[in-house]
Amino acid sequence: MQHTSEHMSQDTVTSVDCKKRVFLWTVQEVHAWVRLQFPCCETSFLLAIVNHAISGRALLRLTDSKLERMGIVQEQQRHDILQEVLPLRVREELDNLNEIVSECFFTL
């Protein structure tokens, strides 16, 4: 099922919970994050987020070729998007490592 921008505007989230794990973000939360990161009209990316139902998990897995297939044709735009996603990936990896360490120490 493809979503429309009209449908998204009804359910729009205006902020992103910074404490919530990125891989748990909904499409609406990803949409809000994109609007915050790219306030200067990244319309094609916003539409792609909605049309492809990009959740937090999918956001973390984006690559240059996936963005291009989603319709982000400008190479610089894809680069900029991936540069903004990179800290999210790092944060998620750190959270995963912290969970592993916590489990190791608390299961002894």
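Is Ala53 buried, partly exposed or exposed, and what is its relative accessibility? Ala53 counts as partly exposed, because its relative accessibility is 35% and the partly exposed class runs between 20% and 50%. The model discussed here is predicted.

**Overall fold**

The chain has six helices and zero strands. Along the sequence the pattern reads α-α-α-α-α-α. The chain holds 108 residues, and 31% of them are buried. Contacts between residues at least 6 apart in sequence were also sorted by separation. Of these, 55% join residues at least 24 apart. The chain exposes about 7000 Å². Carbon and sulfur atoms supply 56% of that area.

**Ala53 and helix α3**

Ala53 sits in the loop between α3 (43-51) and α4 (56-60). Its phi is positive, at about 50°, although Ala53 is not a glycine. Most residues other than glycine have a negative phi. Ala53 follows α3. That helix has a set of buried residues: Phe45, Leu46, Ala48, Ile49 and Val50. The partly exposed Ala53 thus comes after a helix with five named buried positions.

**Aromatic pairs**

The structure holds two aromatic pairs. The table sets them side by side.

| Pair | Distance between ring centres | Angle between planes | Geometry |
|---|---|---|---|
| Trp25 and Trp33 | 6.3 Å | 45° | tilted |
| Phe38 and Phe45 | 6.3 Å | 85° | edge-to-face |

The angles decide the labels. The Trp25 and Trp33 planes stand at 45°, so that pair is tilted. The Phe38 and Phe45 planes stand at 85°, so that pair is edge-to-face; the cut-off for this class is over 60 degrees. Burial is shared within each pair. Trp25 and Trp33 are both buried. Phe38 and Phe45 are buried too. Phe45 also belongs to the buried set of α3.

**Helix α6: a buried polar residue and a surface patch**

Helix α6 spans residues 75-106 and includes Gln77. Is Gln77 buried or exposed? Gln77 counts as buried, because its relative accessibility is 11% and the limit for burial is under 20%. The Gln77 side chain makes a polar contact with the side chain of Ser44, at 3.2 Å.

Val90 is in α6 as well. Val90 counts as partly exposed, because its relative accessibility is 43%. Val90 is part of a nonpolar patch on the surface. The other members are Leu86, Leu94, Leu97 and Ile100. Together the patch residues have about 440 Å² of accessible area.

**Phe23 and its contacts**

Where does Phe23 lie? Phe23 is in the loop between α1 (5-10) and α2 (27-37). It counts as partly exposed, because its relative accessibility is 26%. Leaving out residues up to four places away in sequence, Phe23 touches Gly56, Arg57, Leu60 and Glu92. Phe23 and Arg61 are 38 residues apart along the chain. Their C-alpha atoms are separated by 9.8 Å.

**Summary**

This predicted model has six helices and zero strands. Ala53 pairs a positive phi with partial exposure. Two aromatic pairs are present, one tilted and one edge-to-face. Within α6, Gln77 is buried, whereas Val90 is partly exposed.

Technical notes
Residues numbered from 1 in each chain as written. Predicted model: local features only at pLDDT ≥ 70, side-chain atom pairs only at ≥ 80, totals over all residues. Heavy atoms only, no water. Helix = DSSP H or I, 4+ residues; strand = E, 2+ residues; numbered from the N terminus. Buried < 20%, exposed > 50% of the residue type's maximum accessible area, 1.4 Å probe, protein only. Contact = heavy atoms within 4.5 Å. Areas by Shrake-Rupley, 256 points an atom, 1.4 Å probe, with all protein chains shown as cover. Phe/Tyr/Trp six-rings, centres within 6.5 Å; stacked < 30°, edge-to-face > 60°. Polar contact = N/O pair within 3.5 Å; in protein donor to acceptor, adjacent residues only side chain to side chain. Patch = residues over 30% accessible without salt bridge, like charges linked within 9 Å, V, L, I, M, F, W, Y side chains within 5 Å. Salt bridge = Lys/Arg side-chain N within 4 Å of Asp/Glu carboxyl O.
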